[in-house]
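Hi,

Here is the structure I promised to pass on. Have a look at it first, and then read my notes below.

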Amino acid sequence: MRLGYFHSLIVFLFLFGAAHIKAQNGIIKGRIIEAKNNAPVAFANLLIEGTDFGTNTDEEGYYEITGLEPRLYNLTASFLGLKTQTKVDIQVTNSKPAIIDFALEEEANTIDDIVVKAAPFFKTEESPVSLRTLGTTEIQRNPGGNRDVSRVVRILPGVTSTSNNRNDLLIRGGSPSENRFYLDDIEVPNINHFSTQGASGGANGLLNVDVIQDVDFYSGAFPVNRGNALSSVFNFKQKNGRDDRFGFTLTSGTSEVALAVEGPISKDKKTTLILSARQSYLQLLFKAIGLPFLPTYNDSQFKLRRRHNDKHESYVVFLGSLDNFRLNLDANETAQQRFLLKNLPVYKQWSYALGAVHKFSQKKGYWTFVLSRNMLDNTFFKYEDNDESKNKIIDYVSQESENKLRVENTSRYGSWRVNYGTGLEYVRYFNRSQNFVFENGQLQTVSVSSELRFARYGVFGQVSNKFFKERLIVSAGARLDGASFSSNTANPFSQFSPRVSAAFAITPQLFFNSNVGVYYQLPAYTALGFRQNNVLVNETALKFIRSSHAVAGFEYLTKTNMKLSIEGYYKQYENYPFIVGQGISLANIGNAFGVVGNTLLDARGTGRTYGLEVLVQQRFYKNFYGILAYTLGKSEFSDNNGNYIPASWDSRHIVNLAVGKVFDLMNKDIRGRKDAARSAKGKNVSNRTLINQTLELGANFRVQTGLPYTPFDTVASALTSNWDRIGQAILDFNQLNTLRTPMAYSIDFRVDYKWFFPKWSFNLYLDIQNIPGAVTGTPNFILDQGADGNQAPTIINAGQPNQSYRLQSVPADRQAILPTIGIIVQY
């Protein structure tokens, strides 16, 4: 019966997609400008790779290529005196134009007067190393990525993961709190639902990839206009709304449904809007399979853009989330369910980022003005026995808000490129909480009531130039950052952050790239605002965290859209916040739900990470693509005695292989038998033809050696006085990271079948993650309540000071195999 229904669906799609021959009405359109000043490039040449399709821009830099069959294309833009640029993985459909804009850089004489084919790999003068770009198509089709950027970047070298259940970004051995995110030039504090306050991880991504154009991922060599980062910077660019008519993209999968709407909202079509909203129904699935927790997440985002004229452009960007995490008290049949119900709190969290950007172009460059505000409201609580008539044993309410202004200029003076600017922020942090913490060998109740307000400020500048017919590119810059929080942070010259990059073309296709720099990051607001007896106890101790980077490597670009690179890196940390009562650096925590940093700290922490990264990347070429990445790395941070020990993210070896193939299945004749018979007799028929189809197959294989972890203090954990209050085992930080998890490995597989109709498209996909369900995580302890888990806990040494429960060891979790089936409808 199920096969019958599925067959009927396929037949319906085939018949509904039949139309008079008009399969080739796909469009690529956009604009070409000069990168230095946003001036239009008239009469530039555009050519689609492997075809005879092409065109030239008009006097205002606009172009349009029509009559394309729906499929993936690579497009090259060129103009005399400007660098040729190629963009790959452009998905063309009949339902909407693919809007592809180019910003072309000036070009001096080519190397030895040899014309070099444009490579589809983005690299800037400021960041010739440690910069990789992912397009929307690459994010959408990644097997196991679940259309989530935080998961997709795991295919790149230098990226460690702790669990498939979380989106923590662990870059080159750094902690999850060391990353920064920008959405269309506006800084957003987090890109995840159920985010960990004081870090950057969470459960699910809150960006809808249907409205994302691409993302630039920096794992080093950070631009000077992107401060307060130690491990990575993400620059997300949203699509501009279409200007021909309104359309939509509807996506529905196993856990959520998303709708993106876009189109012109002014008569002159110079004002466009793209708007997205998502709603999860994961709680329905969790309740059906008997899990004791029910998460619900919602998010929305939009970009409202107005192109006033060739010199002025403005846009407003919004990103918001609303998350709820409640308990399923009916799921209490097993010991493991009751353990989770006893420990998990109820979460309520919302956040937003709202900003406006104005860009003003001049002859030699352009100004960018950014005004924004972001806010996080984080609440969680726990009642004794989950009964609201009893005592509230955990009560946490916190807010963080930032108001930001940034002004910067980018200009070209001959071969010199100059970028400079300044930024000002006003910060408010609020916390009212009561929680438990095990410090100094005993369980303590921590109550906090705190409000903190201060300013942050910074200036930055960078200059770049090209020498020897562009064989050598050198860039140098610096930042000064300060905060009025304390005397340790107020003087910006104490946070002088210089950096230098160089790229040398050994041949037209072989490059040596390098960067050295010093970067600073302010500790989390949870740490700065922690109070005891109404005193900011961390005020005199904490400083900006300092990290010195050195990166160098070789890069080889082939004529078939392939890049081979090898990079070595070294990072040295100073002034890292250190938990006084537990003897552990904050660099080792942050990959769990909750809060990081709200405790007594000092700045004694140091650390170092170093390694080697190898990347072989085949961008889309002749319907094939793939990535092979290998990372050899080491991450160490100081312990309570000042000695280096393995950090919690010290995975020595990571191998990732992702490959895919696109099959074009186009213009299949589906005329009925009667039409075929009429045709054989020479009679007229409707000549109906199936609109184009594509089949895409992808697989991802990942191996990662085990991560260090800290064992439990079984004696302290078993004491009834401790267990009755916190209901879980206590870590033994005297044995910090002395054990390791087993090697983790997984295979992900994805199939996409797409139908392209005259005005809409339909994508049916199947994604299977975590094959064969490898063991990850660490062992745990629960109360020993017999084989069936329903007996009364056993008490040892009853009536004695060391009265304890008998505990039962629970092995590490085995990741479940996760199949996802979904649809994407675009109109």
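Start with the hairpin of β13 and β14: two residues lie between its strands, and Asp184 takes a positive phi near 50° there. Keep in mind that this is a predicted model. The two strands, β13 and β14 (residues 186–188), run antiparallel and are joined by three bridges. One residue you can pick out is Tyr182, whose bridge partner in β14 is Glu187.

β13 has another partner too. With strand β18 (residues 232–238) it pairs in the parallel sense, over five bridges, and Asn179 stands opposite Ser232 of β18.

How many of the five residues of strand β13 are buried? Five of the five, so the strand (residues 179–183) is largely enclosed by the rest of the structure. Both of its faces are covered: one side has Asn179, Phe181 and Leu183, the other has Arg180 and Tyr182, and all of these are buried. Tyr182 turns up once more, because the charged end of Arg226 sits over the Tyr182 ring, 4.2 Å from its centre. A second case of this kind involves Lys123, whose charged end sits over the ring of Phe511, 4.2 Å from the ring centre.

Now for the aromatic rings. The structure holds 28 aromatic pairs. In one of them, Phe339 and Trp723, the ring centres are 6.5 Å apart and the planes are at 35°; over 30 but under 60 degrees is neither stacked nor edge-to-face, so this pair is tilted. It links distant parts of the chain: Phe339 belongs to helix α5 (residues 335–343) and Trp723 to helix α10 (residues 720–726), 384 residues apart. Are these two buried or exposed? Phe339 has a relative accessible area of 11%, which is under 20%, so Phe339 is buried. Trp723, at 2%, is buried as well.

Tyr573 and Phe637 make another tilted pair, with ring centres 5.1 Å apart and planes at 45°. This pair also links distant parts of the chain, as Tyr573 lies in strand β35 (residues 562–579) and Phe637 in strand β38 (residues 624–638), 64 residues apart. Both Tyr573 and Phe637 are buried.

Which residues form one aromatic cluster? They are Phe194, Phe286, Phe293, Phe325, Tyr347, Phe380 and Tyr396.

There is also a small sheet to look at. It is open and has four strands in the order β4-β3-β6-β7, with antiparallel pairing. At its edges are β4 (54–56) and β7, each of which pairs on one side only. Ignoring direction, neighbouring strands in this sheet are turned by 15° against each other on average. Strand β3 (residues 45–48) runs antiparallel to β4, and three bridges join them. Leu46, for instance, has Thr55 in β4 as its bridge partner.

Follow the chain on from β7 (82–91) and you reach Ser95, in the loop between that strand and β8 (98–99). Why does Ser95 count as buried? Its relative accessibility is 1%, and the cut-off is under 20%. The side chain of Ser95 makes a polar contact of 2.9 Å with the side chain of Thr93. Leaving aside residues up to four places away in sequence, Ser95 touches Arg242, Arg245, Lys759, Trp760, Ser761, Gln826 and Tyr827.

Over to you!

Note on methods:
Residues numbered from 1 in each chain as written. Predicted model: local features only at pLDDT ≥ 70, side-chain atom pairs only at ≥ 80, totals over all residues. Heavy atoms only, no water. Phe/Tyr/Trp six-rings, centres within 6.5 Å; stacked < 30°, edge-to-face > 60°. Buried < 20%, exposed > 50% of the residue type's maximum accessible area, 1.4 Å probe, protein only. Lys NZ or Arg CZ within 6 Å of the ring centre and 35° of its normal. Polar contact = N/O pair within 3.5 Å; in protein donor to acceptor, adjacent residues only side chain to side chain. Contact = heavy atoms within 4.5 Å. Pairing = 2+ DSSP bridges. Axes fitted to C-alpha atoms, helices over the stretch in contact; angles between N-to-C directions.
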